[in-house]
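Good morning, and thank you for coming. Today I shall speak about the empty space enclosed within a protein; please look at the structure as it appears.

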Amino acid sequence: MLLTFVVFDAWCIFVFCCQVMKSEKYEFQKYYYCACFTTDNIFLDEYKLHVRFASEQQFRQDFSPVLQSLGCVTEQQFQDVLTKINQEVDRRKCFGRTSVERAAAIRDIYQPLHPHVYHLQESFLAPKFKHIAEYCSGPNASKEGLLELLDEVPAPKVYRFPVFERQFCEELLQELEHFEQSAAPKGRPNTMNHYGILLNELHFDQGFITPFRERYLHPITALLYPDWGGHCLDTQKAFVVKYDMNEDLDLSYHYDNAEITLNVSLGKDFTEGNLYFGDMRQVPLSESECTEVQHKVTEGLLHRGQHMHGALPIASGQRWNLIIWMRASQVRNQLCPMCQRKPSLLEGEGYADGFTCQSDSLVNASCSLA
């Protein structure tokens, strides 16, 4: 009996040490951007086109014909495009510094309406979601068994399941709207969405998003997407986007800067606005067919980041979505998902875009206990 307790105590100490190592790793690990962050995948709203801009000469050579076919026919129109591109490039070059400054200002001046929503609690989660995560963490979990717990979706390898309780969604939206109406500085969530909130700047990562990914999402993605980094996710970028009749109505066809994406519909009252999925990024657009997928409030859609998708226009009301781009440094260190090249690293703040130096990657394998 004494030996049993000694072994059990040793195991507890091992688990505790691994968790401490894991926590310290994320505190001191250095993360990076790929240099393509300042040149590639710049979205031109007016023409619904993603472009690359390394120089004006390169841009004219690569994109003048397609822009002309889309209605950019005068030199003034082309100069307007260049102005918008240069503004976006400047925003990206300063993004890390300005994001840190915004986060510091938010911490100093913003008073949360619902402080409890910043810290993950099991009561926030839908019972079925907790059951799914518990099953995936069990010793007998299998992909086949997991699929029996998930709703069938017509798009390949896209999975739907309830995530949050409705009351939590309502309280989170109240918090987000309270912040939106405050004087605190706000950053644009990504290149394509004009309206929304970067949750790391609002200080959601440490208490909510990171433990949510580690404890609940990682066991699920490990079974569903082992070939796409689902088993080794180590960072994320989380944000909310807002669609409104007087603001953004839809989201053009695109892929994500992520290995795996979770998209949760938070509310409010809206009609239409379903998501649609095509094929993987590597398949030519001419060979792809899109499938519409209904997105209900409190439910999440889980999919591969390189799976092309978009959002249809809402017809009325207002819609908020929580997006979590989950990243696996072991995968993206080999090939940047945005430029499809070996990443050229630029120093970043926080999780940056989830790239690490190869020496840092060795730290990732030091303790894989979840």
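How many cavities of 30 Å³ or more does the structure hold? In this model, which is predicted, there are two cavities that reach that volume. As background, empty space left among the atoms is revealed by rolling a probe the size of a water molecule over them.

Let us begin with the largest cavity. Its volume is about 50 Å³. Which residues line the largest cavity? Four phenylalanines appear in the list, namely Phe 164, Phe 168, Phe 204 and Phe 208. They are joined by Leu 172, Leu 176, Leu 199 and Leu 322, together with Ile 209 and Val 240. By class, the lining of the largest cavity consists of ten nonpolar residues, with no polar and no charged ones.

Two helices deserve attention here. Both α7, residues 166-180, and α8, residues 205-224, contribute at least two residues to this lining. The greatest contribution comes from α7, which supplies three residues.

I now turn to the second largest cavity, whose volume is about 40 Å³. Which element gives the most to its lining? That element is strand β5, residues 196-198, with three residues. Accordingly, Gly 196, Ile 197 and Leu 198 are found among the lining residues. The others are Ile 106, Phe 179, Pro 185, Lys 186, Gly 187, Glu 201 and Leu 202.

How does this second lining divide by class? The lining of the second largest cavity has six nonpolar residues, two polar and two charged.

Thank you for your attention.

Conventions:
Residues are numbered from 1 along each chain as its sequence is written. This is a predicted model: local features need pLDDT of at least 70, side-chain atom pairs count only at pLDDT 80 or more; totals for chains, interfaces and linings use all residues. Side-chain values use heavy atoms; hydrogens and water are left out. On a 1 Å grid over the protein atoms alone, a cavity is a set of points where a 1.4 Å probe fits but cannot get out, and a pocket is an open set with protein on both sides within 12 Å along at least five of seven lines; lining residues have an atom within 4 Å of a point. Grid points are joined across faces, edges and corners, and a volume is the space filled by probe spheres set on the points. Helices (H or I, at least four residues) and strands (E, at least two) are DSSP runs, numbered from the N terminus. Ala, Val, Leu, Ile, Met, Phe, Trp, Tyr, Cys and Pro count as nonpolar, Asp, Glu, Lys and Arg as charged, and the others, Gly among them, as polar.
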